[in-house]
Amino acid sequence: MKSEELFKEALNLFPMGVNSPVRYYSPIPVMFKRGMGSKIFDVNDKQYIDYSLGFGPMILGHANEGIVRIMNEQIDKGILFGSITENEIQLGKIIKNSVKSIEMMRFTNSGTEATMHAMRLARGYTKKNLILKMEGGYHGAHDYSLIKSGSGTMTFGKPSSDGVPEEISKTVVVGQYNDKESIENIFKKYGNNIAAVITEPILGNIGVINPENDFLPFLREITEKHSSLLIFDEVITGFRFGFGAYQDIINIKPDITTMGKIIGGGMPIGLFGAGEEIMKNISPYGDVYEAGTFSGNPLSMATGIAALNTLKGKNYNYINNYAKRMEKSLNDIINDYKINGSVNRAYSMFQIFFNDRKVNSYGIAKNSDAGKFKRMFDQLLKKGIYVPPSQFETQFISFAHDDNDLQKTMDAYDTVLKCL
Ligand SMILES: Cc1ncc(COP(=O)(O)O)c(C=O)c1O
């Protein structure tokens, strides 16, 4: 098979053959060559309905005609000048007009860069050192993000990766999402030195976990009380549930917001933004340094403008309802075949967990049966359904998915889950 031959070559070039770890799965990852609407096609021309959508960004589906046209126009004009362009201003205005807490922003090339700079900004602004993150919360692959908790919530985080210096892990404290007490205890102990709490408002990197028990308003309150900043990492949730950020749906104003994925229409992008007072600490206004050769590059900006302008005319109920129908059908199948499992959904993103408990915390999520998920993944793949290759990722719906896709997908799930 062509993909096997190609993967052998990839193995000689990239660790485990991939350029980002979750792309690897056994025996060999599918090698894709093109996408159109809700479908992606592998090198052997097999078609799959795509629920990974490039891990989130492709909310309009693949090769969207309007976006491709704008990209080509920009390519003809040139793609990098290393100076300010009108494209940045246009995309900046769209973001500022649709996210209340953002008065100023900086574009970056990835969500990783965005959260790294947001943490530095919080530290520079507050003159405090510690960042409080949630166990299971993912904010990219920089040193301050790759920290998980030790045995108790009162301990400093342990690095999730070799190569992260202990000195750095000592500047990140790890709390439990949806557990107010764990956060209160950390604030009791380190409250005066916490620069910021960073969280995905809805966890999307451990499957999907929704906020409960006023957890997010509580985070807003406790950070204000201790003069710490609240950072909402909306790299996944930004423009996913409606036109704008999740924070405005739930009416909570974080101090700093990070975004990425959808706002670039499929091109590399990230941003961090905040009120003017905080953002004016960024160099060369202020003393917090941040830079990037490709930041705000004309092609990412043009693609982002095209994507957001197209999204503005869309009715998000369409993708939210599609996911709701999938959730219902999946729950029916789970009940019919008496499977230990459940579905967590937030608007148009969801995940099926193989777990006999309701999944509302990292602790419960991580005990899900990842082996069973992998068996489901393998069988779905055979039937032409591509979901993200891990129990701890999220499935996404695009505006290109239609009723036909839904029917085929549910038929496939029915057969696969019955056999599991
Ligand atoms: C919530 C969140 N923050 C940050 C990142 C990092 O973004 P990127 O992969 O663009 O660096 C991700 C990536 O999946 C994410 O889900």
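Trainee: Into which domains is the chain divided in this model?

Mentor: The model is predicted, and its chain is divided into domain 1, which covers 2–63 + 315–419, and domain 2, which covers 65–312. Between the C-alpha centres of domain 1 and domain 2 there is a distance of 25 Å.

Trainee: How many residues of domain 1 are in contact with domain 2?

Mentor: With contact taken as heavy atoms within 4.5 Å, 33 residues of domain 1 touch 32 residues of domain 2.

Trainee: How should I read empty space in such a model, and how many cavities are there?

Mentor: Rolling a probe the size of a water molecule over the atoms shows where empty space is left. In this structure the count comes to 1 cavity of 30 Å³ or more, and the largest cavity holds about 40 Å³ of space.

Trainee: Which residues line the largest cavity, and how many of them are nonpolar, polar or charged?

Mentor: The lining is made by Pro57, Met58, Ile59, Leu60, Gly61, Ile67, Ile262, Gly265 and Ala307; by class, 7 of these lining residues are nonpolar, 2 are polar and none is charged.

Trainee: Where does the largest cavity lie with respect to the two domains?

Mentor: Because domain 1 (2–63 + 315–419) and domain 2 (65–312) both give residues to its lining, the largest cavity lies between them.

Trainee: Turning to the sheets, what is the order of the strands in the open sheet of 7 strands?

Mentor: For an open sheet, one reads the order of the strands and then looks at the edges. Here the order is S4-S12-S11-S10-S9-S5-S8, and the pairing is mixed. Strand S4 (104–108) and strand S8 (172–175) are at the edges with a single partner strand each, so one side of each is left without a neighbour in the sheet. On average, and with direction ignored, neighbouring strands of this sheet are turned by 20 degrees against each other.

Trainee: In which sense do strands S5 and S9 pair, and what lies across them?

Mentor: Strand S5 (residues 130–134) pairs with strand S9 (residues 194–199) in the parallel sense over 4 bridges, and Lys133 has Ile198 in S9 as its bridge partner. Helix H6 (residues 180–190) lies across S5, S8 and S9, and runs at about 150 degrees to S8.

Trainee: Which strands stand at the edges of the open sheet of 4 strands?

Mentor: That sheet has the order S1-S2-S3-S15 with mixed pairing, and its edge strands are S1 (32–36) and S15 (385–386), each of which pairs on one side only. Strand S3 (residues 47–50) pairs with S15 in the parallel sense over 2 bridges, and the bridge partner of Asp50 in S15 is Tyr386.

Terms used:
Residues numbered from 1 in each chain as written. Predicted model: local features only at pLDDT ≥ 70, side-chain atom pairs only at ≥ 80, totals over all residues. Heavy atoms only, no water. 1 Å grid on protein atoms, 1.4 Å probe; cavity = no way out; pocket = protein on both sides within 12 Å on 5 of 7 lines; lining within 4 Å. Points joined across faces, edges and corners; volume = space filled by probe spheres on them. Nonpolar A, V, L, I, M, F, W, Y, C, P; charged D, E, K, R; others polar. Domains from an automatic or database assignment. Pairing = 2+ DSSP bridges. Axes fitted to C-alpha atoms, helices over the stretch in contact; angles between N-to-C directions.
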